[in-house]
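Trainee: I'd like a close look at one small part of this model, please. Could you take me through it and its surroundings?

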Amino acid sequence: MITVGVLALQGAFIEHVRLLKKATEQEVSGEWDFIEVRTPQELAKCDALVLPGGESTTMSLVAARSDLLEPLRDFVKVHRKPAWGTCAGLILLAESANRTKKGGQELIGGLDVRVNRNHFGRQTESFQAPLELQFLGEGAAPFPAIFIRAPIVETILPHQQGVQTAESERDDTIVAPSRKTKDAAAEAATAENVEVLATLPGSASHIATQGRDVNPDLEAGDVVAVRQGNVFGTSFHPELTGDARIHAWWLRQVQEAIGKQEKLAS
Ligand code: GLN
C-alpha cells in the first residue's frame, strides 16, 4: 500500500484527492491510500505528497503555525520523498522566489529553481492553454492547462548542496533554508538535474484568453513544468480539470521512486 498525502492547509486539496482517486480507478494499478495532511503525524504516514494550488503565503503561514514547515523540509529535502507542487505548491517547492509587495513567505525548497510569482499578472489575467506534454506519451492530446495568478520558472539555479548562493544576497528574493540529505538513496535523488518538462506553446496567439486580449507579458517558451529527481512542479492546475493523465503519470513516478529507494536500501 502506498500512502499519498495532499497538503490540506488551504487551496485546492479536495480537487487533487478526487483526481488522484480517478487516476487509480482508470489508469494506475496497485494499492493506494490518499489522505489529507494537516499535522506532522499525518505527514509521517505519507510515502509521497502533493502541495496544491491556492495562496502560497497563507499556506506557509499556516504550515509554520501547525509545526509543519520543518517536517515538510525534511520530507522533501532530507528524505527526498516524491513531492508534486501545483502553482502555489510549486512556489513552496522552489529554492528561490521573488518577494511580492505583501511580503515574502517561507519556502520549503527542493527544486533548484527561482520562480517568478504572479508572472502573468492578477486573477483577471488567468487563462487556459493547450500544452503538449511529451511525458504523457507519443501523440497524447494536448493537456488543458489552467493558469491562475501563476508563477513561472524563471531560472534554473546551480545545485546548492547546502551552500548559500548569490540568490540569498538579493533584497527582492526569498530563499529556502538548506538541508542535507542523510542516506544514499536520498543523496542519489538530490544529485539529479532540473529537467524542463513543459513550456508555453510556440506562439502567444495559441493561448485561449477567454475573449480577453493576450497579456503582453505572456511569452512563448516560459517554463511551466519541471522535475528534479523526485520533486515535480507545475505552474498550472491539473487538479482543476477533469483530466487525470498527469495525476496518473505522477503516481507511476511515485511507484518507480519507491521501487528504486527500496532497492538502494536493501
Ligand atoms: N500567486 C499565488 C501565490 O503566490 C499562486 C496562485 C495559485 O496557486 N493559483 O501563492
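Which is glutamate 55, buried, partly exposed or exposed, and how many other C-beta atoms lie within 10 Å?

Mentor: Happy to. This is a predicted model, where local features need pLDDT of at least 70, side-chain atom pairs count only at pLDDT 80 or more, and totals for chains, interfaces and linings use all residues. Residues are numbered from 1 along each chain as its sequence is written.

Glutamate 55 is partly exposed, because 17 other C-beta atoms lie within 10 Å; the cut-offs are 20 or more for buried, 12 or fewer for exposed and partly exposed in between, with C-beta atoms placed from the backbone. Glycine 54 has 20 C-beta neighbours inside 10 Å and therefore counts as buried. Glycine 54 sits in the loop between strand 3 (48–51) and helix 3 (56–65), and glutamate 55 lies in that loop too. Helices (H or I, at least four residues) and strands (E, at least two) are DSSP runs, numbered from the N terminus.

Now for contacts, meaning C-beta atoms, placed from the backbone, within 7 Å of each other. Setting aside residues up to four places away in sequence, glutamate 55 meets Gln10, Gly11 and Ala88. With the same exclusion, glycine 54 touches Gln10, Gly11, Ala12, Met59 and Ala88.

Following the chain into helix 3, we find Ser56, Met59, Ser60 and Ala63 buried. Viewed down the helix axis, these buried residues fall within an arc of 95 degrees, so they line one face of helix 3; the arc is that of the directions from the axis to the C-beta atoms. They pack against helix 4 (69–78) and helix 5 (88–93). Just after helix 3, aspartate 67 has a positive phi of about 55 degrees.

Next, the ligand. Glutamate 55 belongs to the shell around it, and so do Gly53, Gly54, Ser56, Cys87, Ala88, Ile91, Arg117, Asn118, Ile148 and Arg149; a residue counts here if its C-beta atom, placed from the backbone, lies within 6 Å. The shell has four nonpolar, four polar and three charged residues, where Ala, Val, Leu, Ile, Met, Phe, Trp, Tyr, Cys and Pro are nonpolar, Asp, Glu, Lys and Arg charged, and the others, Gly among them, polar.

The UniProt record (an unreviewed entry) places a "binding site" at Gly54, Glu55, Ser56, Arg117, Ile148 and Arg149. Those positions spread over 96 residues of sequence yet cluster in space, with a largest C-alpha distance of 12.7 Å. UniProt positions follow the numbering used here, feature names are shortened, and annotations may be inferred rather than shown by experiment.

Methods: Contact = placed C-beta atoms within 7 Å.
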